[in-house]
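I opened the notebook today to look up a few things in one structure, taking its core, a pocket and two residues in turn.

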Amino acid sequence: MTDTPELTIRPATEADVPAIVAMLADDPLGATRESPDDLTPYLAALKRLTDDPNQHLVVAVRADRVVGTLQLTIVPGLSRKGATRSIIEGVRVHADERGGGLGTRFIEWAVEKSRAENCALVQLTSDVTRTDAHRFYERLGFTASHVGFKLQL
């Protein structure tokens with residue numbers, strides 16, 4: 001993982017779940033779909049993630065406080081001559097830390113981890129309303145090359 005005197009990026013643990021869920025819920029979109037009052041489904045999800053070697057749920061910790069989270073999924077595939085790709089999901093930075101470079105560190109970590117996993121492509125999606133996030137990802141070299149679709153089940 002990544003360590004500096006001020007910040008550590010490490011795998012998430014059960015003890016981190018309340019802070020992760022609080023960050024997921026701390027925006028207009030997350031407030032409508034997250035439930036910090038009942039951590040049961042999140043703890044079950046963490047178990048599934050931890051058991052899957054292609055899932056990397058990490059947290060950024062500064063001064064013993066979780067200040068960010070990100071999930072990186074490694075996806076083997078047949079397209080692109082059997083290329084493996086990675087998907088960045090659930091990027092959140094605590095409100096107190098925004099604008100300080102943590103988001104950039106997270107994405108750099110995810111790209112380097114993807115390279116180490118021999119991925120040919122890193123992809124992510126961002127809600128159409130998150131225009132600031134779109135500018136952020138474009139500044140880091142990502143291109144808005146596709147249109148995404150969802151089907152709620």
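Which residues have the most contacts inside the largest nonpolar core? I found L70, I88 and I107 in that role, in a core of 20 residues, where a nonpolar core is a set of buried Ala, Val, Leu, Ile, Met, Phe, Trp, Tyr and Cys residues joined through side-chain atoms within 4.5 Å. Strand 3, strand 4 (65–75), strand 5 (84–93), helix 5 (102–116) and helix 6 (131–139) each supply at least two residues of this core, and helix 5 gives the largest share, 5 residues. Helices (H or I, at least four residues) and strands (E, at least two) are DSSP runs, numbered from the N terminus.

Before going on I noted that this is a predicted model, in which local features need pLDDT of at least 70, side-chain atom pairs count only at pLDDT 80 or more, and totals for chains, interfaces and linings use all residues. Residues are numbered from 1 along each chain as its sequence is written, and side-chain values use heavy atoms, with hydrogens and water left out.

I then looked up I88, leaving aside its neighbours within four places in sequence, and found among its contacts (heavy atoms within 4.5 Å) L70, L72, I107, A110 and F142. A second, separate core of 13 residues includes V17, Y42, L57 and V59.

Next I turned to the second largest pocket, whose volume is about 160 Å³. Of its 14 lining residues, P11, T50, Q55, H56 and L57 are the closest to its centre. On a 1 Å grid over the protein atoms alone, a pocket is an open set of points where a 1.4 Å probe fits, with protein on both sides within 12 Å along at least five of seven lines, and lining residues have an atom within 4 Å of a point. Strand 3 gives the most to this lining, with 4 residues.

I followed H56 further, which lies in strand 3. H56 counts as buried because its relative accessible area is 15%, the cut-offs being under 20% for buried, over 50% for exposed and partly exposed in between, with a 1.4 Å probe and protein chains only. Beyond four places in sequence, the contacts of H56 include L70, W109, K113 and E117.

Last I checked N54, placed in the loop between helix 3 (40–51) and strand 3 (55–62). N54 is partly exposed, at a relative accessible area of 27%. Not counting residues up to four places away in sequence, N54 touches L72, T73 and I74. N54 and T73 are 19 residues apart in sequence, yet 5.7 Å apart in space, C-alpha to C-alpha.

Conventions:
Points joined across faces, edges and corners; volume = space filled by probe spheres on them.
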